[in-house]
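I opened this model to look at one helix, one surface patch and the ligand site. My entries follow the structure.

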Amino acid sequence: MDEKGISKDRVFELLKNYKKRDMTHKSGRILGSMCTCPHEVGLQAYTMFLESNLGDPGLFQGTKAMENEVIATLGELLGNGNVYGHIITGGTEANIMAMRAARNIRRIKDPEIIVPKSAHFSFKKAADILSLKLKEAQLDNDYRVDINSVKELISDNTVAIVGIAGTTELGKIDPIEELSDICNEKEIFLHVDAAFGGFSIPFLNQLGYHMPKFDFSLPGVSSVTIDPHKMGLAPIPTGGILFRDKSYLDVMNVETPYLTEENQSTIVGTRTGASTAATWALLKYLGDEGYQKIVKKCMELTHLLAGGIKDAGFQLVTEPQLNIVAFTGERIEPCDITKRLDEKGWALSIASYPKAVRIIVMPHVKKEHILAFLEDLKSI
Ligand SMILES: *Cc1c(COP(=O)(O)O)cnc(C)c1O
């Protein structure tokens, strides 16, 4: 660090140079990310609450009231308005909190969790941090968790089973209803990771798409992850964790000696209230209808893209269930496809199981981007 500061103008000039090197979702060129352009209403609300700290909620009682409202609204969206939870940094923290609650409520030696092979890597972090043995269940031939494989992995030490509503790589929805039956019968904690699907499946249902059940309407579901910063259009970092029972939060409580609340169950201490304000504003501003419009457009473009990919002679890994398309080519490796398209300015990603090019049709992607992409795809 220099001894003397520099002028504000100079600081911002330098910042602009760095910013130029970043990509922006606005360009429509980012096709491999679950993030998107934050909605302007969320952004405005976010900046209005920058100093709000939900780690010390007695000082920010307005923000705390908003968090309670957001949790209730998200709960209603997911089949039960009477849930308990927090707005946190994202799906990773939500999944770690869910696994921590499941572990703490049992307090047994050598706890184990069962996750689908398609689970997000955050469960590996959770297992490591919480000293849980991670058991991976196999998938069926359409990349959803195989129920028999889950059953075979259950032991007396199973503290949680995880189902995914919208897998990160393929957007697949696990048979949560069957997992719910198993967990209800065996009294095992069932966590549903709907980080990606939580903000789209309910609206697709409202629109008359027939989506499988995945939420608190199923009696076996103990907790749900839902990320406002993905399909919810909130600025990052904004995640959500919801629990059916307050006891799941209580078993994570630690005493907070000098703050305005006596106990804290979240992982982070100082926690921005801006994410809560942004989510609150977006839920109010968009309403069911606003989100319906957004997911409908994403799904229409997904089908346009999937059809175009097939017409161009490539093979879909699976028919898209949500707004994710994964494909392969017969005579070209997925990494060569992404490399060739990267040279044309497209930022794609690669699914690991199976190896395939992966595109997420997020709300910033427009029809003109899809058509331009398909032209370039044909040319390779
Ligand atoms: C994105 C995602 C996560 C991780 O969320 P972050 O917000 O990146 O921490 C977890 N689970 C699923 C299914 C996801 O798609």
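These are my notes, entry by entry.

**Ground rules.** I worked on a predicted model, where local features need pLDDT of at least 70, side-chain atom pairs count only at pLDDT 80 or more, and totals for chains, interfaces and linings use all residues. Residues are numbered from 1 along each chain as its sequence is written, and side-chain values use heavy atoms, leaving out hydrogens and water.

**Helix 4.** I checked its length. Helix 4 covers residues 91-106 (helices are DSSP runs of H or I, at least four residues, numbered from the N terminus). Its 16 residues should span 22 Å at 1.5 Å a residue, taking 1.5 Å times one less than the number of residues. The end C-alpha atoms are 23 Å apart, which agrees.

I then checked burial (under 20% relative accessible area, 1.4 Å probe, protein chains only). In helix 4, 12 of the 16 residues are buried, so the helix is largely enclosed by the rest of the structure. Among them are Gly91, Glu93, Arg100 and Asn104. Just after helix 4, Arg107 has a positive phi of about 50°.

**Ligand.** Which residues are closest to the ligand? I found Gly91, Thr92, Asp193, His229 and Lys230, out of 14 that surround it (a heavy atom within 4 Å). I looked up polar contacts to the ligand next (pairs of N or O atoms within 3.5 Å). A polar side-chain atom of Asp193 sits 2.6 Å from a ligand nitrogen. For ligand oxygen atoms, the distances are 2.8 Å from His229 and 3.0 Å from Asp227, again from polar side-chain atoms.

**Helix 1.** Phe12 is found in helix 1, residues 8-21. I noted Phe12 as partly exposed, at 46% relative accessible area (partly exposed runs from 20% to 50%).

Note on methods. Helices (H or I, at least four residues) and strands (E, at least two) are DSSP runs, numbered from the N terminus. A polar contact is a pair of N or O atoms within 3.5 Å; within protein, one must be able to donate a hydrogen and the other to accept it, and residues adjacent in sequence count only if both atoms are side-chain atoms.
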